[in-house]
Each structure stands twice: as structure tokens, then as C-alpha cells.
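Trainee: I would like a close look at one part of this model, the empty space and what surrounds it. Please take it step by step.

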Amino acid sequence: MQQFIDAAPEVRLWTEQRGAADAAPLLLIMGAQASGLGWPESLVDTLAAHHRVVRYDHRDTGRSTWSFEERPYRIADLADDVIAVLDGLGIDRAHIVGMSLGGMLAQMVLADHPDRLLSATLISTMALSTTHYTHPDGSTVPADALPGISPEVLELWSRPVEDQGPAAEVERRIEHWRVLAGDQLPFDDDYFRAFEHHVIAHTGHHRVSTAHGRAEHDGMLRTDRLARNGVPALVVSAPSDPVFPPPHPQHLAQCVQGAELVEIPGMGHALPPAVHAPLATAILAHTGAVTVA
């Protein structure tokens with residue numbers, strides 16, 4: 001079922017619900033510049049066999065309002081959109097799953113609105129915390145000294161995006177996914193080509209927004225609140241992630257009180273078919289262990 005939610009003045013967000021209406025809600029939060037269709041169909045279907053799954057398009061993605069040029073917003077406003085989606089769909093408490101920027105938004109909701117959550121799963125993201133990372137040998141390193149984004153990704157992101165038509169844009173995106181996916185799993189061009197054609201058909205155009213990269217990032221740290229967390233939390237480690245490489249997931253698990261850590265072998269900063277089953281298994285094991293009062 002598809003539905004639009006009014007998240008803020010002149011801002012409407014596209015949402016989709018799948019699964020039994022009376023099942024425990026599970027909200028999927030995608031990363032920067034990615035619509036809700038960034039969550040692959042097979043993964044959504046697997047989760048929807050156990051949950052009322054909701055995915056949605058961020059502002060300036062998919063079928064949601066594209067208006068950053070006229071009405072700039074902060075990343076923190078995207079975290080407020082998470083609560084707006086829950087409110088708009090009449091959901092009091094939900095499991096949330098966030099990837100990349102979505103994992104940061106999930107941390108902000110975890111810290112600011114723990115009463116609205118049943119659990120949180122954080123995938124391929126970084127800690128919104130200044131807490132030092134403690135290595136297995138007991139030595140520590142400041143959070144801002146952890147490994148950064150790979151040079152290959154940074155070079156790719158530095159290139160200007162020129163509109164050379166839909167076909168060229170799809171090929172550009174495939175190159176992007178090839179780099180983000182890492183080097184531990186075989187890369188399937190045909191899968192990502194079909195995936196991007198699906199995203200473009202959903203959006204209605206092939207234009208690329210840079211809004212999330214230009215949005216103000218102030219006020220995102222949640223160091224103390226994450227350290228006092230009481231919501232069941234799971235951190236998913238992607239060993240081949242070129243954006244937030246290890247030990248970022250290990251650091252995040254240390255920053256979020258009580259968080260568990262699970263690794264998906266071979267996973268990078270992408271969701272190819274090879275990771276759908278193990279990722280769904282990890283998420284469902286986590287949500288299934290939560291007792292709903």
C-alpha cells in the first residue's frame with residue numbers, strides 16, 4: 001500500500017507498506033540521495049513475511065517533495081521525518097533499520113525518541129559520538145582518527161554529474177555501485193542495471209539531487225545519549241565497506257550502550273543479492289528477540 005505523508009509545510013513523503021497490518025512495524029531508512037527503493041525487493045519481501053514493513057522516499061528523492069533549492073533543510077530535519085512517517089501512518093512504536101546516512105538518522109531517533117522504538121539496526125554507518133575507539137588490545141584512538149572514505153570513492157564523488165541522458169546515467173550509477181560494493185563479492189552488472197531502471201521508473205526521471213550532501217550537518221552528535229541507550233540495538237559490520245570501513249562498526253557498537261555486533265561476510269556499502277539473505281536473517285533474529293510489551 002502506498003501513501004503520502006505530510007512531514008513538514010510543503011513537504012510530502014512517499015511511503016509504502018508491505019506485510020500484515022497487525023504485525024510489528026519495521027521502518028527502513030535509506031542513505032543519502034537514495035529513495036526507499038534502495039531497499040531491494042527481495043529483502044523487503046523477506047522482512048514483510050514477519051513485519052509490517054515501511055519504506056519511504058527521503059526529501060529530494062523518489063516521489064517525495066524535491067524542494068531543497070527553494071527550502072533548504074538540515075540533516076536533522078531528515079531525522080524528524082522518520083518520526084513524521086511513524087505519526088502519519090499511526091505507528092506508536094517500531095523497529096527501525098538504517099543504512100549509511102539512514103543509520104545516522106536512526107541513531108538520532110534512537111537518542112531523541114527511544115520511546116518510539118522497539119529496536120534499532122544500524123548498517124554501514126558511523127557513530128554520532130566523540131567516544132574514543134578501544135582496540136582489542138586495550139589501546140584507544142580518537143573517533144576522528146578512524147579510517148576515512150577510500151580515495152577511490154572520494155574521487156568518484158568529486159566528479160561533476162552531467163546529464164547525458166537516462167542510459168548514460170544508469171551506466172554512471174553502475175560504476176558507482178561497483179566501487180561502493182567493495183572487492184570481496186562478485187559484482188553483477190545486470191542486477192544493478194535492472195535495479196537502477198526500477199528506481200528511475202519509480203522516480204519518474206533520472207535527475208540526480210545533491211541536496212543531502214549540501215544540507216547542514218550541525219547538531220548531529222549524540223555521544224551521551226547513545227552511551228545511555230536502553231533500546232535493543234544491532235550494528236551490522238560490512239568488512240568490505242569503502243565508506244565506513246572497519247573498525248567503524250566496532251566503534252559504533254562500543255558507543256551505543258548494549259549494542260550487539262554482527263558481520264555480513266563480503267558486504268560493502270551496497271546491497272547486492274548475495275547479502276540479502278544473511279542481512280534479513282540478522283535483522284529478523286534481532287527483532288524477533290525483542291519482547292513487545
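Which residues line the second largest pocket?

Mentor: Bear in mind that this is a predicted model. In it, the second largest pocket is lined by Leu156, Arg159, Pro160, Val161, Glu162, Gln164, Gly165, Ala168, Glu169, Arg172, Glu175 and His176. The volume of this pocket is about 230 Å³. Helix H5, which spans residues 166-180, gives the most to the lining, with five residues. Sorted by class, the lining of the second largest pocket holds five charged, four nonpolar and three polar residues. Among the charged ones are Arg159, Glu162 and Arg172, and the nonpolar ones include Leu156, Pro160 and Val161.

The enclosed space can be described in the same terms. The count comes to one cavity of 30 Å³ or more, and the largest cavity holds about 40 Å³ of space. Its lining consists of Leu122, Ile123, Ser124, Thr125, Val235, Val236, Ser237, Ala238, Asp241, Phe244, Pro249 and Leu252. Two or more of these residues come from each of strand E6 (117-123), strand E9 (233-237) and helix H9 (248-255). Strand E9 has the largest share of the cavity lining, three residues. By class, the lining of the largest cavity has eight nonpolar, three polar and one charged residues. Asp241 is the charged residue there, while Phe244 and Leu252 are among the nonpolar ones.

How values were computed: Residues numbered from 1 in each chain as written. Predicted model: local features only at pLDDT ≥ 70, side-chain atom pairs only at ≥ 80, totals over all residues. Heavy atoms only, no water. 1 Å grid on protein atoms, 1.4 Å probe; cavity = no way out; pocket = protein on both sides within 12 Å on 5 of 7 lines; lining within 4 Å. Points joined across faces, edges and corners; volume = space filled by probe spheres on them. Helix = DSSP H or I, 4+ residues; strand = E, 2+ residues; numbered from the N terminus.
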